[in-house]
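Open the model in your viewer and keep the sequence panel visible. The tour below goes from the whole chain to single residues, one selection at a time.

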Amino acid sequence: MKKKALFLDRDGIINSDKTYIFRFEDIEWVEGIFDLIACANDRGFLVIVLTNQSGVAQGMYKESDVIELHKKMNSYLISKKARVDDWFYCTEYDSERRKPRPGMMIEAVIKFNIDLDKSFMIGDKESDILEIDGPKTYLLQGKYPLENVLEKGSAQVFASLFDILEKFKSETASNL
Ligand SMILES: [Mg+2]
């Protein structure tokens, strides 16, 4: 049977977007993220991070820094009873994997046999609305302008992760 997934952007959704984060010491967890991940775990969703990390292409940090950071974040999340199943990152600008292009999501679909029609994507930028059919996209209003999104109605916009959690709960209640 196909699986359903909650896809999460990283910067701005899991940790505060302070631009080019690569050290665990600099991680500030976004309020509500542990509850959101734990809820998805409980409801049988895979939780998969999709993150653009062009800081590598710019030479600001190394790919090994990204891998190390994700390992540490993973351990911390587990200590908070929030399980992330996989982390996909894109280090390049010119790549089919760089959001909004859907390469990373397609890789996840193939790796885990995911049904995108039953899946969700949560991010904080217009580029988190991936160029692929299926997942419902919820955007958290953070530091990026989302007027275009509101105008086009291409995704629903929320003021907090708690609001997103409530929406996710109500959308997935019938699957329980
Ligand atoms: Mg982001």
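## The whole chain

Start with everything selected. In the protein chain, residues 24 or more positions apart account for 65% of the contacts with a separation of 6 or more, where contact means heavy atoms within 4.5 Å. This is a predicted model, in which local features need pLDDT of at least 70 and side-chain atom pairs count only at pLDDT 80 or more, while totals for chains, interfaces and linings use all residues. Residues are numbered from 1 along each chain as its sequence is written, and side-chain values use heavy atoms, with hydrogens and water left out.

Turn on the cartoon. The protein chain has five helices and six strands; these are DSSP runs numbered from the N terminus, with at least four residues for a helix (H or I) and at least two for a strand (E). Followed from the N terminus, the order of the elements is β-α-β-α-β-α-β-β-α-β-α.

Zoom out for the overall dimensions. Along the principal axes, the C-alpha atoms fill a box of roughly 45 × 40 × 30 Å. The radius of gyration of the protein chain is 15 Å, which agrees with the value near 16 Å for a compact globule with 176 residues. That radius is taken over C-alpha atoms, and the globule rule is 2.2 Å times the number of residues to the power 0.38.

Switch to a surface. The protein chain exposes about 8,800 Å², of which carbon and sulfur atoms supply 49%; accessible areas come from the Shrake-Rupley method with a 1.4 Å probe, and for residues only the protein chains shown count as cover. Of the 176 residues, 49% count as buried. Buried means under 20% relative accessible area, exposed means over 50%, and partly exposed is in between (1.4 Å probe, protein chains only).

## The paired strands

Select strand E4, residues 120-123. Phe 120 and Ile 122 point one way from E4, Met 121 and Gly 123 point the other way, and all are buried.

Which strands pair with E4? E1 and E4 pair in the parallel sense over three bridges, and four bridges join E4 to E5, also parallel. Two strands pair if DSSP finds at least two bridges between them. Click on Ile 122: Leu 8 stands opposite this residue, and in E5 its bridge partner is Tyr 138. Gly 123 stands opposite Leu 139 in E5.

Now move to strand E5, residues 136-140, where four of the five residues are buried. E5 also pairs with strand E6 (residues 156-158), in the parallel sense and over three bridges. Tyr 138 stands opposite Gln 156 in E6.

## Helix H1 and what it packs against

Select helix H1, residues 33-42. Its buried residues are Ile 33, Leu 36, Ile 37, Cys 39, Ala 40 and Asn 41. What do they pack against? Show strand E1 (4-8), strand E2 (45-52), helix H2 (63-79), E4 and helix H5 (161-172): the buried residues of H1 pack against these. Step past the end of H1 to Gly 44, whose phi is positive, near 80°.

## Leu 46 in strand E2

Select Leu 46, placed in strand E2. Leu 46 is buried, with a relative accessible area of 12%. Leaving aside neighbours within four places in sequence, Leu 46 is in contact with Lys 3, Lys 4, Ala 5, Leu 6, Asp 85, Phe 112 and Ile 114. Draw a distance from its C-alpha atom to that of Asp 117: the separation is 14 Å, for residues 71 apart along the chain.

## Three stops in the loops

Go first to Tyr 20, in the loop between E1 and H1. Tyr 20 is not a glycine, yet its phi is positive, about 55°. With a relative accessible area of 33%, Tyr 20 is partly exposed.

Next, find Pro 100 in the loop between strand E3 (86-90) and helix H3 (103-112). The peptide bond joining Lys 99 and Pro 100 is cis, with omega about 15°.

End at Asn 113, in the loop between H3 and E4. Asn 113 is another residue that is not a glycine but has a positive phi, here about 60°. Is Asn 113 buried or partly exposed? At 38% relative accessibility, Asn 113 counts as partly exposed.
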